[in-house]
Structures are given as C-alpha cells and as structure tokens.
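Welcome! Open the sequence and the model side by side, and work through the exercises below at your own pace.

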Amino acid sequence: MSRKSKPKSRIHKLAVDSIKRIDYLCDQKFKTMTNRTFTMIKPDATEKGHTGGILQMINKAGYRIVAMKMTHLSKEKAGEFYAVHKERPFYQELVDFMSRGPITAAILEKENAVEDFRKLIGATNPANAEEGTIRKIYAASVGENAIHGSDSDENAAIEGAFFFSKLEQF
Ligand code: ATP
Ligand code: MG
C-alpha cells in the first residue's frame, strides 16, 4: 500500500482536529482583540467624582466592560505605562499626575473599539475637543485630561495586559 493511500489512524485524526481547534481559537482571540480598547479614568476625574458620569457615557456608546478595577498607580508604574513619552518635556508632570490618586482601569469591547473610543474621548487638549466628547465635558487642561484611550489595537492589548490577567477578563 502506498504512503498516500494509507488509512489515517485515530491518533492522526485527533491531532488534525486539535490543530484545527487551536487555529479556530487563535482566530477568535484575534477577532476579539481587534475589537478591544483599554481606558483609564485619570486621577483628576476621580477626584472630581466624574467616574460614574464617564462610565455612563462609555456604556451609552455601546461598549461592553470586559475587565475593570479601581487602583492607585505608583510613580514607577505610571512611568512604565507612559514610557513612550519618556523623552517629552511633560513626562515628569505626567508621572506625578497619574500617580497622584486613584484611577479606574478598564478593557472595553465593541466593533472598531480603538478608533471609536478616541472619537468618544476627544482631542488630547480639551480646548480642541469636539462638543459632547468626554474630554470636552470633564477635562480641565491638556495635562489633566480626565481619560486615557489606547491609540492602536496592539497597544490596547499591551495596556490591557499591564493591568489585567487573563482570569480577570470576562
Ligand atoms: P492618552 O495616551 O492619555 O490617551 P493622548 O493619546 O490623547 O492621551 P498623548 O500624546 O499620548 O495623548 O499624551 C499622553 C498624555 O500626556 C496626555 O493625555 C496628557 O495627560 C499628557 N500630555 C500630553 N501633552 C502634554 C502637554 N503638552 N503638557 C502636559 N501634559 C501633556
Ligand atoms: Mg496616547
């Protein structure tokens, strides 16, 4: 009997099925990840009691909360989170601000999550933010701008993993 026509063993079929299953799960995970973003309600908004109002806007915009926690970043952790801005003149100010009080971190899910969330929060400087955006309503200045939103799918996944283990994502 040639190699080609040899009947497949049960083990071979099981192995093929397992590989197909892993491929399927990877595809599903990829699809999910591209529909997720990460946010933090920053210390200024927490201090002013805006957490509830901001979460309501996020909810009304159609986001599902995949993970959420209130926590207080150390200077070290805040610096690590915003390490991409290390060389910028406002870096120390940003680290001091982000570690000044509690924040609420969350992973959010919706179609086109990253892009739509950036629209929902508005421009970095609230003076330039469109009417009805979270920063226009709740932010005071370019430094103290109430909320963070990931700027890409890749960063959303990295930032989500910075705060939440897989077991904390629902
Ligand atoms: P975030 O990453 O927090 O969502 P962003 O993507 O709109 O904000 P970035 O350019 O990534 O803006 O800046 C990160 C954060 O650094 C800003 O949200 C703000 O808190 C702070 N920041 C940016 N520019 C300035 C500035 N000129 N002066 C003071 N702080 C600034
Ligand atoms: Mg940014």
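**Exercise 1.** Find out how far β3 is enclosed by the rest of the structure.

*Solution.* Start by counting: five of the seven residues of β3 are buried. The strand is therefore largely enclosed by the rest of the structure. Please keep in mind throughout that this is a predicted model.

Next, look at the partners of β3. Strand β1 (residues 36-41) is joined to β3 (residues 103-109) by six bridges, and the two run antiparallel. On the other pairing, seven bridges link β2 to β3, again antiparallel.

Now pick out single residue pairs. Ile41 has Thr104 as its bridge partner in β3, Thr39 stands opposite Ala106, and Thr37 stands opposite Leu108. From β2, Thr71 has Ile103 of β3 as its bridge partner.

**Exercise 2.** Work out the order of the strands in the sheet, and name the edge strands.

*Solution.* Begin with a general idea: strands of a sheet pair through backbone hydrogen bonds, either parallel or antiparallel.

Here, four strands make an open sheet, and their order is β2-β3-β1-β4 with antiparallel pairing. The edges are β2 (64-71) and β4, each of which pairs on one side only. Averaged over the sheet and ignoring direction, neighbouring strands are turned by 15 degrees against each other.

One pairing is still to be described. Three bridges connect β1 with β4, and these strands run antiparallel. Within β4, Gly149 is the bridge partner of Thr39.

**Exercise 3.** Decide which residues of β1 are buried on each of its faces.

*Solution.* Take one side first: Arg36, Phe38 and Met40 are buried there. Then turn to the other side, where Thr37, Thr39 and Ile41 are buried too. Both faces are thus covered. With six of its six residues buried, β1 is largely enclosed by the rest of the structure.

**Exercise 4.** Two helices, α6 and α8, have buried residues; find where these sit around each helix axis.

*Solution.* A general rule helps: an α-helix has 3.6 residues a turn, so residues three or four places apart point the same way.

Step one is α8 (residues 153-163). This helix lies across β1, β2 and β3 and runs at about 55 degrees to β1. Its buried residues are Ala156, Glu159, Gly160 and Phe163. Viewed down the axis of α8, they fall within an arc of 105 degrees, so they line one face of the helix. They pack against β1, β2, β3 and α6 (113-121).

Step two is α6. Ala113, Val114, Phe117, Leu120 and Ile121 are its buried residues. These cover an arc of only 120 degrees around the axis, which puts them on the same side of α6. Among the elements that cover them are β1, β3, α7 (134-138), β4 and α8.

Finally, see what comes after α6: it is followed by Gly122, which has a positive phi near 85 degrees.

**Exercise 5.** Asn112 and Ala146 both have a positive phi. Is each of them buried or exposed?

*Solution.* First, the background: most residues other than glycine have a negative phi.

Asn112 has a phi near 55 degrees, although it is not glycine. Its place is the loop between β3 and α6. With 11 other C-beta atoms within 10 Å, Asn112 is exposed, because the cut-off for exposed is 12 or fewer.

Ala146 has a positive phi of about 70 degrees, and it lies in the loop between α7 and β4. Ala146 has 26 other C-beta atoms within 10 Å, so it is buried, the cut-off being 20 or more.

**Exercise 6.** Which residues surround ligand 1, and of what classes are they?

*Solution.* List the shell first: His85, Phe90, Glu93, Leu94, Thr124, Val142, Gly143, Asn145, His148, Gly149 and Asp151 surround ligand 1. The elements giving two or more residues to this shell are α5 (91-98) and β4 (147-149).

Then sort by class: the shell has three nonpolar, six polar and two charged residues.

**Exercise 7.** Now step back and describe the whole chain: how many helices and strands does the protein have?

*Solution.* There are eight helices and four strands. Read from the N terminus, the elements run α-β-α-α-β-α-α-β-α-α-β-α. Of the 170 residues, 29% count as buried. Lastly, take the contacts between residues at least 6 apart in sequence: 71% of them join residues at least 24 apart.

Note on methods: Residues are numbered from 1 along each chain as its sequence is written. Chains are lettered from A and ligands numbered from 1 in the order in which they are written. This is a predicted model: local features need pLDDT of at least 70, side-chain atom pairs count only at pLDDT 80 or more; totals for chains, interfaces and linings use all residues. Two residues are in contact if their C-beta atoms, placed from the backbone, lie within 7 Å. A residue is near a molecule or strand if its C-beta atom, placed from the backbone, lies within 6 Å of it. Ala, Val, Leu, Ile, Met, Phe, Trp, Tyr, Cys and Pro count as nonpolar, Asp, Glu, Lys and Arg as charged, and the others, Gly among them, as polar. Two strands pair if DSSP finds at least two bridges between them. Axes are lines fitted to C-alpha atoms, for helices over the stretch in contact, and angles run from 0 to 180 degrees between N-to-C directions. The arc is that of the directions from the helix axis to the C-beta atoms.
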